[in-house]
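Student: Could we take a close look at one part of this protein together? I would like to start on the outside and then follow the links further in the chain.

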Amino acid sequence: HKTAGIHMRLYARAFVFVDPSSRDRMAFVNVDTWAATEAVIQGVHEKLHAWFQGRYYSRNNLIIAGSHTHHGPAGASAYMLFQFSSNGRVQQSLDALIDGISEAVWLAHHDVRPAEIFIGNGMVDNSTVPNCPMPNCASRNRSPTSFLMNPEQQRKKYFGDDNVDRNMDLLKIVDAK
């Protein structure tokens with residue numbers, strides 16, 4: 001299906017962390033797209049390199065994480081497998097992701113302030129999905145046959161009869177007050 005226009009706004013949320021002793025920076029971006037493709041990462045890196053004259057951000061301190069939404073634009077990957085739904089690369093989609101992510105980092109870079117970081121861990125199960133009609137709304141192994149091909153020692157790290165890892169890590173960043 002080909003579509004046009006904006007169905008749902010997508011966001012890039014960037015956080016810049018500064019080491020107090022060295023003043024080195026690290027940028028973390030959570031973006032509403034299925035993944036941070038190599039083409040997107042390269043484009044953002046090039047744009048930040050130009051904007052900041054090669055200072056502050058490199059491939060070593062720039063993390064871009066996709067939220068894995070299925071509402072993002074297609075055609076932003078350099079790999080053919082991920083271009084089937086868009087019938088090839090769509091430069092407009094790639095440019096929109098690069099521009100939005102880069103702008104988010106630019107804004108965060110110029111708005112650094114003290115913050116507190118909390119790291120949590122919890123279980124994801126069906127209680128997190130109210131009125132779930134299926135046995136595994138919140139988590140499921142979409143490829144149990146493939147999963148069983150993994151070494152037994154690796155499979156033992158997962159719990160439950162369905163071999164699903166229900167542990168979720170959460171990073172929470174709040175303004176220090």
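Which residues form a nonpolar patch on the surface, and about how much accessible area do they have together?

Tutor: Happy to look with you, and please keep in mind that this is a predicted model. The nonpolar patch on the surface is made by Tyr 79, Met 80, Leu 81, Phe 82 and Phe 84. Together these residues have about 600 Å² of accessible area. Take Leu 81 as your example. Leu 81 sits in the loop between strand S3 (62–66) and helix H2 (91–109). Its relative accessibility is 60%, so Leu 81 counts as exposed, the cut-off being over 50%.

Now for the salt bridges. The structure holds five of them. One is formed by Glu 38 and Arg 59, whose closest N and O atoms are 3.0 Å apart. This pair links distant parts of the chain, since Glu 38 is in helix H1 (residues 38–51) while Arg 59 is in the loop between H1 and S3, 21 residues apart. Glu 38 is partly exposed at 27% relative accessibility, and Arg 59 is partly exposed as well, with a relative accessible area of 40%.

Helix H2, which borders the loop of Leu 81, has a link of its own. Asp 99 forms a salt bridge with Lys 47, and here the closest N and O atoms are 2.6 Å apart. Asp 99 belongs to helix H2 and Lys 47 to helix H1, with their positions 52 residues apart in the chain. Asp 99 counts as partly exposed at 37% relative accessibility, and Lys 47 does too at 25%.

Next, follow Arg 113. Asp 175 forms a salt bridge with Arg 113, with 3.0 Å between the closest N and O atoms. Asp 175 lies in strand S5 and Arg 113 in the loop between H2 and S4, so this pair ties together parts that are 62 residues apart in sequence. Asp 111 joins Arg 113 and Asp 175 in a network of salt bridges.

Arg 113 also leads us to the second largest pocket, which holds about 390 Å³ of space. Of its 16 lining residues, the closest to the centre are Phe 15, Val 16, Arg 113, Ala 115 and Ile 173. Strands S1 (12–18), S4 (115–123) and S5 (167–175) each supply at least two residues of this lining, and S1 gives the largest share, five residues. The lining of the second largest pocket has 12 nonpolar residues, four charged ones and no polar ones.

Key:
Residues are numbered from 1 along each chain as its sequence is written. This is a predicted model: local features need pLDDT of at least 70, side-chain atom pairs count only at pLDDT 80 or more; totals for chains, interfaces and linings use all residues. Side-chain values use heavy atoms; hydrogens and water are left out. Patches are made of residues with over 30% relative accessible area and no salt bridge: like charges are joined within 9 Å, nonpolar side chains (Val, Leu, Ile, Met, Phe, Trp, Tyr) within 5 Å. Accessible areas come from the Shrake-Rupley method with a 1.4 Å probe; for residues, only the protein chains shown count as cover. A salt bridge is a side-chain nitrogen of Lys or Arg within 4 Å of a carboxyl oxygen of Asp or Glu. Helices (H or I, at least four residues) and strands (E, at least two) are DSSP runs, numbered from the N terminus. Buried means under 20% relative accessible area, exposed over 50%, partly exposed in between (1.4 Å probe, protein chains only). On a 1 Å grid over the protein atoms alone, a cavity is a set of points where a 1.4 Å probe fits but cannot get out, and a pocket is an open set with protein on both sides within 12 Å along at least five of seven lines; lining residues have an atom within 4 Å of a point. Grid points are joined across faces, edges and corners, and a volume is the space filled by probe spheres set on the points. Ala, Val, Leu, Ile, Met, Phe, Trp, Tyr, Cys and Pro count as nonpolar, Asp, Glu, Lys and Arg as charged, and the others, Gly among them, as polar.
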